[in-house]
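Morning, everyone. Please bring the structure up on your screens. I'll go through helices and strands in turn.

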Amino acid sequence: MTNKQVTIALLQHSCTSNKEENIQKVTGMIREAAQKGAQMICLQELFTNVYFPQTINSDYYHLAEPVPGPTTDVMQELAKELGVVIIVSLYEKAMRGLYFNTVAVLDADGAYLGKYRKHHIPEGPQYIEKYYFAQGDGGYPVFDTTFGKIGVLICWDEWFPEPSRILSLKGAEIIFYPSAIGSEPDYPELDTSSAWVDAIKAHGIHNGIFIAAVNRVGKEVSSEGDMTFYGHSFISGPLGKMISQAESENDEIIMATLDMNEINQARHLLQFHRDRRPDSYKEILNMSL
């Protein structure tokens, strides 16, 4: 049995409307995580700014940038200097009038390995993402990094079981979930954090993989009201065991060393991939609400 271990880190933090300030904060957190032994470091969803989809404002289109582009250039240099994989969430400008919610994956030598564009785009009070993001058009790629094969899904993607199954079948050992989730404006008394954690952990169980979900924190005020992002960033194992979890709703680096042998152990115990019946699932393709 191969003794393969990898140390990962999630960067949970608050954001301001100052892009350079956010990048400076995250750069410091990346350096700290690398100093503590992290080999893969995942940033939260849209880390360079506040969560702007709370309101409809065409001025926010100017926040988008090419991917690769200025921010990935900075992060590539950092990845190469520190010898770490960095997973970077950005607002991508593909062309004039076409924008995506995108993650770029940078290898430990600074190489740009590719991007994933968010597929499932929510629309609700203060989560007005359809105004800003087109649906992802690049499939569900797996990235073969220096330290292991990973997949990436973004926030609303994490509530759907199909993408994680695809990534696991394509060889992903860890799925990272950059997120921005918190209070529900229509239901101010509702706390979805437990449902959020349970839903994502389940993907690890039914696919026998590691899960790493990172969320922002803090109150962000818009013309529509305010939202409080609840953090709860976590890392869980192939059988759903919580390995590491945020201890606060403040800026925090969540770290864990993962033993890849646990994937074999989980899949030998629970043979979900062996017993799946894709031949019997075809009718779902023709179903509509």
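Before the helix pair, one definition: an axis is a line fitted to C-alpha atoms, for a helix over the stretch in contact, and angles run from 0 to 180 degrees between N-to-C directions. Keep in mind that this is a predicted model.

Start with helix α1, residues 19-35, and helix α2, residues 70-82. Their axes come within 11 Å and cross at roughly 15°. Angles under 35 degrees count as roughly parallel, so α1 is roughly parallel to α2. The crossing is right-handed.

Which residues of α1 meet α2? On the α1 side they are K19, I23, V26, T27, I30, R31 and A34. On the α2 side they are T71, M75, L78, E81 and L82. By type, that contact has seven nonpolar residues, two polar and three charged.

Now the sheet. Six strands form it, and it is open. Read the order as β5-β4-β3-β2-β1-β16, with mixed pairing. β5, residues 112-117, and β16 are at the edges. Each has a single partner strand, so one side of each lacks a neighbour in the sheet. From one strand to the next, the twist averages 30°.

Look at that β5 edge. β4, residues 98-106, pairs with β5 in the antiparallel sense, over five bridges. V103 has Y116 in β5 as its bridge partner.

Back to α2. This helix packs on the sheet and touches β2, β3, β4 and β5. Its direction makes about 165° with that of β3.

Last stop, helix α5, residues 261-269. N261, I263 and A266 are buried there. Their cover includes β11, residues 210-215, and β16, residues 252-259.

Terms used
Residues numbered from 1 in each chain as written. Predicted model: local features only at pLDDT ≥ 70, side-chain atom pairs only at ≥ 80, totals over all residues. Heavy atoms only, no water. Buried < 20%, exposed > 50% of the residue type's maximum accessible area, 1.4 Å probe, protein only. Helix = DSSP H or I, 4+ residues; strand = E, 2+ residues; numbered from the N terminus. Contact = heavy atoms within 4.5 Å. Parallel < 35°, antiparallel > 145°, perpendicular 65-115°, else oblique. Left-handed = near helix turned anticlockwise from the far one by under 90°. Nonpolar A, V, L, I, M, F, W, Y, C, P; charged D, E, K, R; others polar. Pairing = 2+ DSSP bridges.
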